[in-house]
Amino acid sequence: MIQIDLTGQVAVVTGGSSGIGLATAELFLQAGASVAICGRDAERLARAEQGLRERFPQAQLLAARCDVLNADDVAAFAGAVEKRFGRTDMLVNNAGQGRVSTFADTTDEAWREELDLKYFSIIRPTRAFLPMLRSTAKQGNAAIVCVNSLLALQPEPHMVATSSARAGVLSLIKSLAGELAPERIRVNSILIGIVESGQWRRRYETQAKPGQSWEDWTGELARTKHIPLGRFGRPEEAARALFYLATSLSSYTTGSHIDVSGGVARHV
Ligand code: NDP
């Protein structure tokens, strides 16, 4: 078994108060890293922080309210991480959500909002944490990992704006990887399909038939969506891929991505 000890290293996970981000924060804590998470909703963040502290009583953990689309919030979050931990080794750009809409029903405003979210949820935290990542890179592993979607390569008409933004973001990540490689900062992403998480729980609450269980509802969707592995992914399955790309386990990988879609990708 490969074991990795991240004691002394600092991982920052945006949107770490739920779903994939929370599962990723947990993995970093398990490996001994200090962890900083952020989210907009103070209650959700407090619940996540409490849960992590219960599971990891010795945890070096910082939970900060921060909207990644707000430049001042992001600067304050980076400042708080620097003050508390003095460094950042790994940045996971995870915060966000998808938008279900076709071309016919996506307004100009909705397009702008979606492009803003997908681009600036990467641009702002990356810019804010780069100075710390640059310092870390001189001594060892420094990495940025972004949560992206298979929609980047395989667009869906019912998620036209998200698919388009995801494709653009894939290009941004590749450019960033090229620009930062000489500084020894690696930049990678994961392309996920459907992962059980907060946003799917919310859809279940509004869309499931009366009395229909979560397992039935997700199983039915997995069949209609032709997911070869026959089920939704679990947050920890996405988290493990993020963990691999963030740590020195993937020290010779940059500008790349891992597919975590249960086999949905049709391309070779
Ligand atoms: P969750 O809703 O469970 O988690 C999203 C997290 O991001 C929450 O902590 C949320 O907290 C936070 N967040 C959202 N917007 C912002 C913001 N502007 N600033 C700071 N934090 C924010 O969903 P997932 O775990 O599924 O989502 C993680 C990522 O994976 C997202 O980027 C999503 O788009 C992407 N993704 C997920 C898929 C899936 O099937 N689950 C499919 C494809 C992509 P709060 O709301 O309190 O801010």
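**Close-up views of aromatic rings**

**View 1. Phe 232 and its ring partner Trp 200.** Phe 232 has a relative accessible area of 2%, so this residue is buried (under 20% relative accessible area; exposed is over 50%, partly exposed in between, with a 1.4 Å probe and protein chains only). Trp 200, at 13% relative accessibility, also counts as buried. This is a predicted model, in which local features need pLDDT of at least 70 and side-chain atom pairs count only at pLDDT 80 or more, while totals for chains, interfaces and linings use all residues. Residues are numbered from 1 along each chain as its sequence is written, and side-chain values use heavy atoms, leaving out hydrogens and water.

**View 2. Phe 77 and Phe 129.** The whole structure holds 8 aromatic pairs (ring centres of Phe, Tyr or the six-membered ring of Trp within 6.5 Å; planes under 30 degrees apart are stacked, over 60 edge-to-face, the rest tilted). One of them joins Phe 77 and Phe 129 edge-to-face, with 5.6 Å centre to centre and 75 degrees between the planes. Phe 77 lies in helix 3 (residues 71–85) and Phe 129 in helix 4 (residues 108–137), so the pair ties together parts 52 residues apart in sequence. Helices are DSSP runs of H or I with at least four residues, numbered from the N terminus. Both Phe 77 and Phe 129 are buried.

**View 3. Arginines over tryptophan rings.** Arg 201 lies over the face of Trp 214, 3.9 Å from the ring centre (CZ of Arg or NZ of Lys within 6 Å of the ring centre and within 35 degrees of the ring normal). Arg 203 lies over the face of Trp 200, at 4.4 Å from the ring centre.

Technical notes: Helix = DSSP H or I, 4+ residues; strand = E, 2+ residues; numbered from the N terminus.
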